[in-house]
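Work through the exercises below with the sequence and the model at hand. Each task is followed by a solution in steps.

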Amino acid sequence: MATQQELSNFLAEAERRAYKQALFAVRDEHVALDIVQDSMTKLVESYSRKPAEELPLLFQRILQNTIRDFYRRQKTRSIWTTLFSSFLPTNQEKEPEDYDPLETLELEGLSNRDDPRKLLEQTQLISLLEKAIEVLPARQREAFLLRYWEEMDVTETAKVMGCSEGSVKTHCSRATHALATLLKKQGIEL
């Protein structure tokens with residue numbers, strides 16, 4: 001059974017990466033934060049008595065399910081909004097695109113801190129990579145982030161995604177090829 005301190009340490013460690021995953025999935029900072037908070041609450045409420053080594057997989061599964069629940073709710077809302085909007089006059093509201101990937105970049109841990117040119121190159125590369133990840137299909141993005149961002153093995157990723165190991169390998173392969181193609185178009189060869 002995980003102690004309260006172990007649970008607290010795990011949540012503090014996983015928070016930033018989970019937020020980034022949710023942000024890639026939903027592309028809205030506020031919704032991503034809500035998803036992470038809901039996922040953490042669900043983990044604490046339902047699984048706080050589990051051993052500490054089981055927490056990462058449980059949390060990833062909860063996070064992915066919470067993201068899927070968000071999309072299900074959005075789909076239902078958009079159907080009703082579309083139906084009701086036909087009764088309203090034309091609305092000129094536009095959603096602002098406030099997301100700036102550079103704001104989410106944590107510069108404190110970078111090793112190239114002393115070389116501004118390398119720091120700029122790294123920052124630009126991260127920005128291009130984030131934009132490329134955003135355009136991946138949802139399952140490819142999920143598999144890619146779990147395997148390479150969260151450093152889970154194929155078995156763990158399959159459990160979190162609720163699919164076979166072969167599907168995980170396929171999604172990861174397609175994601176890496178798509179990312180390489182997108183980055184190559186930007187002049188970056190891997």
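**Exercise 1. Place H171 and describe its surroundings.**

Step 1. H171 belongs to helix α7, which covers residues 165–185; helices are DSSP runs of H or I with at least four residues, strands are E runs of at least two, and both are numbered from the N terminus.

Step 2. The model is a predicted one, in which local features need pLDDT of at least 70 and side-chain atom pairs count only at pLDDT 80 or more, while totals for chains, interfaces and linings use all residues. Residues are numbered from 1 along each chain as its sequence is written, and side-chain values use heavy atoms, with hydrogens and water left out.

Step 3. The relative accessible area of H171 is 17%. H171 is therefore buried, since buried means under 20%, exposed over 50% and partly exposed in between (1.4 Å probe, protein chains only).

Step 4. Apart from neighbours within four places in sequence, H171 is in contact with R139, Q140, A143 and M161; contact means heavy atoms within 4.5 Å.

**Exercise 2. State the overall make-up of the protein.**

Step 1. Seven helices and zero strands are present, in the order α-α-α-α-α-α-α along the sequence.

Step 2. Of the 190 residues, 32% are buried.

Step 3. Among contacts with a separation of 6 or more, 66% come from residues 24 or more positions apart.

Step 4. About 12,700 Å² of the protein is exposed, and carbon and sulfur atoms supply 52% of that area (Shrake-Rupley method, 1.4 Å probe; for residues, only the protein chains shown count as cover).

**Exercise 3. Which residues touch the most other members of the largest nonpolar core, and which helix gives the most to this core?**

Step 1. A nonpolar core is a set of buried Ala, Val, Leu, Ile, Met, Phe, Trp, Tyr and Cys residues joined through side-chain atoms within 4.5 Å.

Step 2. The largest such core has 22 residues, and F10, I35, L43 and F59 touch the most other members.

Step 3. At least two residues of this core come from each of α1 (4–26), α2 (29–47) and α3 (55–85). Helix α1 gives the most, with nine residues.

Step 4. A separate second core has ten residues, including A143, L146, M161 and C163.

Step 5. For I35, the contacts beyond four places in sequence are A22, V26, L63, T66, I67 and F70.

**Exercise 4. Compare three salt bridges by position and by burial of their partners.**

Step 1. A salt bridge is a side-chain nitrogen of Lys or Arg within 4 Å of a carboxyl oxygen of Asp or Glu. The whole structure holds six of them.

Step 2. R17 and E150 form one, with the closest N and O atoms 2.7 Å apart. The two are 133 residues apart in the chain: R17 is in helix α1, and E150 is in the loop between α5 (138–149) and α6 (154–161). R17 is partly exposed at 31%, whereas E150 is buried at 12%.

Step 3. R68 and E142 form another, at 2.9 Å between the closest N and O atoms. This pair joins helix α3 to helix α5 across 74 residues. R68 is partly exposed at 21%, and E142 is buried at 8%.

Step 4. E121 and R117 are bridged at 3.8 Å and both lie in helix α4 (residues 116–134), four residues apart, about one turn of the helix. E121 is partly exposed at 44%, while R117 is exposed at 54%.

Step 5. Through shared partners, salt bridges join R68, R139 and E142 into one network.

**Exercise 5. Why does C163 form no bond with C172?**

Step 1. A disulfide is a pair of cysteine sulfur atoms within 2.5 Å.

Step 2. The closest cysteine sulfur to that of C163 is in C172, 9.2 Å away, which is too far for a bond. The search of the whole structure finds zero disulfides.

Step 3. C172 is buried, at 5% relative accessibility.

**Exercise 6. Classify two aromatic pairs.**

Step 1. Rings of Phe, Tyr and Trp (its six-membered ring) pair if their centres lie within 6.5 Å; planes under 30 degrees apart are stacked, over 60 edge-to-face, and the rest tilted. The count is four aromatic pairs.

Step 2. F70 and Y71 are edge-to-face, at 5.4 Å centre to centre and 65° between the planes. F70 is buried at 11%; Y71 is partly exposed at 36%.

Step 3. F144 and Y148 have ring centres 5.2 Å apart and planes at 55°, so this pair is tilted. Both lie in helix α5, four residues apart.
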